[in-house]
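Dear colleague,

Please find below the structure that I am handing over to you. A summary of what was found in it follows.

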Amino acid sequence: MIEKAVRILRKGGIVAFPTETVYGLGANVFDRGAVEKIFKAKGRPGDNPLIVHISDLSQLKRLAAQVPKDAESLMRRFWPGPLTFVFKKRPEVPSRVTAGLSTVAVRMPGHPLARRLIRAFGHPIAAPSANVSGRPSATNYQAARRELAGKADMILRGSASRIGIESTVLDCTRRPFRILRPGFVTLEDLRKYVPVRAFGTRSGFKGAAPSPGMKHRHYRPNCRVVPVSSGRWSGKLRELLKDNMKLGALSFRSKIPDHSRIIFSRNFRGNSGRMARELYPSFLTAEKRGVDVLVVEEPQKKGLGAAILDRLRRAARAE
Ligand code: TXA
Ligand code: MG
């Protein structure tokens, strides 16, 4: 399986593979034609740069021009794992990968199959999430197949992603380091080691988006997603149940009423790890069952809750 994937990558093809966050769609980072295929397969806007995946630190030297000492200590703590670093790039990294930026995003994933693939291939692999642009990320083999059948040259079958939402993206080109996308590694985790500016503070992401991908449509299933605070949960459900619509309800911990028009529901019982892991599969199930409106109870904006909230709000955005 790995051998075939490596052959495809060597020939300039694209391969979807599991990581512990979400499935990725990968190509040889130094092969411009292969990288081009990723943008085409996903229908991805050209101004949204890709994350480059590595299996050992020697590969980082081929990508990053400068790695600050305190970023190295974060690497020792969090790699392999769900943390992506943004560094000044080396000129060899094609500008298509970085969407013309002078920086490159790098992650060493922890999923054993991802690591084996990169190691066997021997070069860094550029890989966005394995979904059609704008849609929820695939977190298991079946979802990756549904998204990318006929578009990827191969889809590596592995276990479902243990984490279920994308990595934290940390900009290490300025001080203090800044979170560009919240993820499984939280602000609180990072601040134990270095000063870090929280995601969305001051400039927010209006106008010049700090992470280019942040301004695009994201994570949206084929039904309306309505995030609701715990305080408004019952009231909002009651209000929506007056209309003749098929509802889905994802609760963080509040009770979900029995009602024939709530055709799909999940209660995450106050467990944010479980909510992260089951969020995108729940989006996809809701869409498959023909839900019109998916009401989602918001977790608290701390720890992993911040990342979940970010995905919910983006999924809910009108455009
Ligand atoms: O967990 C993950 O990060 C997954 C797995 C496959 O590793 N990948 C992923 O890739 O979520 P994607 O393409 O869906 O999201 C990449 C994010 C985007 O928000 C993009 O703007 C940001 O990383 N990014 C990439 N390169 C960047 C750069 N040089 N500067 C700032 N942001 C960058
Ligand atoms: Mg994505």
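Strands here are DSSP runs of E with at least two residues, numbered from the N terminus. In these terms, Arg 157 sits in the loop that joins strand E7 (154-155) to strand E8 (168-171). Please note that this is a predicted model. Arg 157 is partly exposed, its relative accessible area being 48%, and it belongs to a surface patch of positive charge together with Arg 145, Arg 146, Lys 288 and Arg 289.

The salt bridges may also be of interest. The whole structure contains 15 of them. Glu 278 takes part in a salt bridge with Arg 266, with 3.9 Å between the closest N and O atoms. Because Glu 278 lies in helix H9 (residues 272-288) and Arg 266 in strand E13 (residues 262-267), this pair ties together parts 12 residues apart in sequence. Glu 278 also meets Arg 274 in a salt bridge of 3.1 Å, N to O; these two are four residues apart in helix H9 and so about one helical turn from each other. In addition, a network of salt bridges links Glu 166, Asp 310, Arg 311 and Arg 314.

As to the interior, the largest nonpolar core has 51 residues, of which Leu 25, Phe 85, Leu 170 and Leu 190 touch the most other members. Among the elements that give two or more residues to this core are strand E2 (24-28), helix H2 (32-42) and strand E4 (83-88). H2 gives the most, with five residues. A second, separate core comprises 24 residues, including Leu 250 and Phe 252.

Kind regards

How values were computed:
Residues are numbered from 1 along each chain as its sequence is written. Chains are lettered from A and ligands numbered from 1 in the order in which they are written. This is a predicted model: local features need pLDDT of at least 70, side-chain atom pairs count only at pLDDT 80 or more; totals for chains, interfaces and linings use all residues. Side-chain values use heavy atoms; hydrogens and water are left out. A nonpolar core is a set of buried Ala, Val, Leu, Ile, Met, Phe, Trp, Tyr and Cys residues joined through side-chain atoms within 4.5 Å. Buried means under 20% relative accessible area, exposed over 50%, partly exposed in between (1.4 Å probe, protein chains only). Patches are made of residues with over 30% relative accessible area and no salt bridge: like charges are joined within 9 Å, nonpolar side chains (Val, Leu, Ile, Met, Phe, Trp, Tyr) within 5 Å. Accessible areas come from the Shrake-Rupley method with a 1.4 Å probe; for residues, only the protein chains shown count as cover. A salt bridge is a side-chain nitrogen of Lys or Arg within 4 Å of a carboxyl oxygen of Asp or Glu. Lys and Arg count as positive and Asp and Glu as negative; His and the chain ends are not counted. The place of a charge is taken as NZ of Lys, CZ of Arg, CG of Asp or CD of Glu.
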